[in-house]
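The following note sets out some points for discussion. Please read it alongside the sequence and the structure.

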Amino acid sequence: MNAENTVSATELRLYDEPGHLIRRAQQIAVARFHEVHGRHVTPVQYAILRTLQETPGIDQVTLADKVALDTSTTADIAARLETKGWISREVLPRRQRSLVLTPEGESVLAELLTGTTAHWDSLMSALSKDEQHEFIRLLRKFVDLHDQRDSLE
């Protein structure tokens, strides 16, 4: 980082700090998620269900990496989803587990997907189409750059 991009802590207002804004954006996104989808599923559970739809039979370690969770949290959530009857877990060699959606899990996800556009609109409709694309592009870039940096450490 060069010196001209550095801001002193005394010059920053709370609502200029990226960490605070990202936390607020997450709070807003979760609140809107529950307004649209209800409280029977969390955004993280939704991410796991979507990932299992896209990659059926994936192992828990790879799933954890894809949804950016640690493996123990992923295992806990997978166990809860299995208890709900939404996924099944099969033990693989070397104590890995293969995960797939059950028919009930497919049905739950299909219901959730019907609200995806409403969730998007509730978050993004105040922005123009160009601003929406730019916002997503910058979020993706921010996450990708930090993921790359973290994988090098």
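Which residues are exposed on the other side of helix 5? The points below take up this question first; the model under discussion is a predicted one.

1. Helix 5, exposed side. Pro-103, Glu-111 and Thr-114 are the exposed residues on the other side of helix 5, away from the buried residues described in the next point.

2. Helix 5, buried side. Gly-105, Val-108, Leu-109 and Leu-112 are buried in helix 5. Around the axis they cover an arc of only 95°, which places them on the same side of the helix. In general, an α-helix has 3.6 residues a turn, so residues three or four places apart point the same way. The cover over the buried residues of helix 5 includes helix 1, helix 2, strand 3 (97-101) and helix 6.

3. Helix 5, length. With 12 residues at 1.5 Å a residue, helix 5 should span 16 Å; the C-alpha atoms at its ends are 17 Å apart, which agrees.

4. Helix 1, length and end. The 20 residues of helix 1 (residues 18-37) should span 28 Å at 1.5 Å a residue, and the end C-alpha atoms are indeed 28 Å apart, in agreement with that value. After helix 1 comes Gly-38, with a positive phi near 85°.

5. Helix 1, two sides. His-20, Phe-33, His-34 and His-37 are buried in helix 1. Viewed down the helix axis, the buried residues fall within an arc of 150°, so they line one face of helix 1. Pro-18 and Glu-35, on the other side of helix 1, are exposed. Among the elements that cover the buried residues of helix 1 are helix 2 (43-54), helix 5 (103-114) and helix 6 (116-124).

6. Largest pocket, position. The volume of the largest pocket is about 2,200 Å³. It is lined by 40 residues, of which Gln-26, Ala-29, Ile-136, Leu-139 and Val-143 are the closest to its centre.

7. Largest pocket, lining. At least two lining residues come from each of helix 1, helix 2, helix 3 (60-66), helix 6 and helix 7 (129-152). Which helix gives the most to this lining? Helix 1 does, with 12 residues. Sorted by class, the lining of the largest pocket consists of 25 nonpolar, six polar and nine charged residues.

8. Helix 1 in both settings. Helix 1 thus appears twice in this note: helix 1 is part of what covers the buried residues of helix 5, and helix 1 also supplies 12 residues to the lining of the largest pocket.

How values were computed
Residues are numbered from 1 along each chain as its sequence is written. This is a predicted model: local features need pLDDT of at least 70, side-chain atom pairs count only at pLDDT 80 or more; totals for chains, interfaces and linings use all residues. Side-chain values use heavy atoms; hydrogens and water are left out. Helices (H or I, at least four residues) and strands (E, at least two) are DSSP runs, numbered from the N terminus. The expected span of a helix is 1.5 Å times one less than its number of residues. Buried means under 20% relative accessible area, exposed over 50%, partly exposed in between (1.4 Å probe, protein chains only). The arc is that of the directions from the helix axis to the C-beta atoms. Contact means heavy atoms within 4.5 Å. On a 1 Å grid over the protein atoms alone, a cavity is a set of points where a 1.4 Å probe fits but cannot get out, and a pocket is an open set with protein on both sides within 12 Å along at least five of seven lines; lining residues have an atom within 4 Å of a point. Grid points are joined across faces, edges and corners, and a volume is the space filled by probe spheres set on the points. Ala, Val, Leu, Ile, Met, Phe, Trp, Tyr, Cys and Pro count as nonpolar, Asp, Glu, Lys and Arg as charged, and the others, Gly among them, as polar.
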